[in-house]
Amino acid sequence: NYEINNINKDPNDFMVAMELVLVCFYITELGFKLVAHGRWFFFNKDMSWNILDLFLVVQSIYEQAIVSLSTNGAGVNRSFLRTVRILKIVKVLRVVK
């Protein structure tokens with residue numbers, strides 16, 4: 001709801017910090033999964049979910065890097081980055097299944 005109400009504004013410091021914390025959490029989670037499953041991470045029955053997790057973590061790291069490197073947001077297609085965030089909701093559906 002915050003992003004919709006502030007769609008053309010840069011996020012405040014709290015939102016940036018929270019997003020960084022979540023990215024660190026997802027990186028840690030993915031690291032644990034890769035260590036636990038090894039090469040079977042890509043070949044077990046949850047292979048498609050694992051690949052989605054990997055994609056989301058890589059995309060989140062990419063987003064953090066692009067936003068951090070851009071001084072004023074020039075050249076950053078934030079609407080695309082926000083659209084890809086919708087896939088993160090799909091990750092929550094994994095728990096429901």
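Is Gly-31 buried, partly exposed or exposed, and what is the relative accessibility of this residue? In the predicted model described here, Gly-31 has a relative accessibility of 29% and is accordingly classed as partly exposed, because that class lies between the limit of under 20% for buried residues and that of over 50% for exposed ones. The residue is placed in helix H2, and its C-alpha atom is separated by 9.8 Å from that of Leu-54, a residue 23 positions away along the chain.

The setting of this residue is an architecture of 4 helices and 0 strands, which, when read along the sequence, gives the pattern α-α-α-α. Of the 97 residues in the protein, 26% are buried, and the protein exposes about 7100 Å², of which carbon and sulfur atoms supply 70%. Among the contacts between residues at least 6 apart in sequence, 62% join residues that are at least 24 apart.

The packing of helix H2, residues 13-37, against helix H3, residues 47-69, was examined in further detail. The axes of these two helices come within 10 Å and cross at roughly 145°, and the crossing of H2 and H3 is left-handed. On the side of H2, the residues that take part in the contact are Glu-19, Leu-20, Val-23, Tyr-26, Ile-27, Leu-30 and Lys-33; on the side of H3, they are Asn-50, Asp-53, Leu-54, Val-57, Ser-60, Ile-61, Glu-63 and Gln-64. Sorted by class, the contact of H2 with H3 comprises 8 nonpolar, 3 polar and 4 charged residues. Leu-54, whose C-alpha distance to Gly-31 is given above as 9.8 Å, is thus named among the H3 residues that meet H2.

Aromatic side chains were considered separately, and the structure was found to hold 3 aromatic pairs. One of them is formed by Trp-40 and Phe-43, whose rings lie 6.3 Å apart from centre to centre, with 80° between the planes. The pair is described as edge-to-face, because the angle between the planes is over 60 degrees. As regards solvent exposure, Trp-40 has a relative accessible area of 49% and is therefore partly exposed, whereas Phe-43, with a relative accessible area of 59%, is exposed. The two partners fall into these separate classes because the limit for an exposed residue is a relative accessible area of over 50%, a limit to be read against the 49% of Trp-40 and the 59% of Phe-43.

Note on methods
Residues are numbered from 1 along each chain as its sequence is written. Side-chain values use heavy atoms; hydrogens and water are left out. Axes are lines fitted to C-alpha atoms, for helices over the stretch in contact, and angles run from 0 to 180 degrees between N-to-C directions. A crossing is left-handed if the near helix is turned anticlockwise from the far one by less than a right angle, and right-handed if clockwise. Contact means heavy atoms within 4.5 Å. Ala, Val, Leu, Ile, Met, Phe, Trp, Tyr, Cys and Pro count as nonpolar, Asp, Glu, Lys and Arg as charged, and the others, Gly among them, as polar. Rings of Phe, Tyr and Trp (its six-membered ring) pair if their centres lie within 6.5 Å; planes under 30 degrees apart count as stacked, over 60 as edge-to-face and the rest as tilted. Buried means under 20% relative accessible area, exposed over 50%, partly exposed in between (1.4 Å probe, protein chains only). Accessible areas come from the Shrake-Rupley method with a 1.4 Å probe; for residues, only the protein chains shown count as cover.
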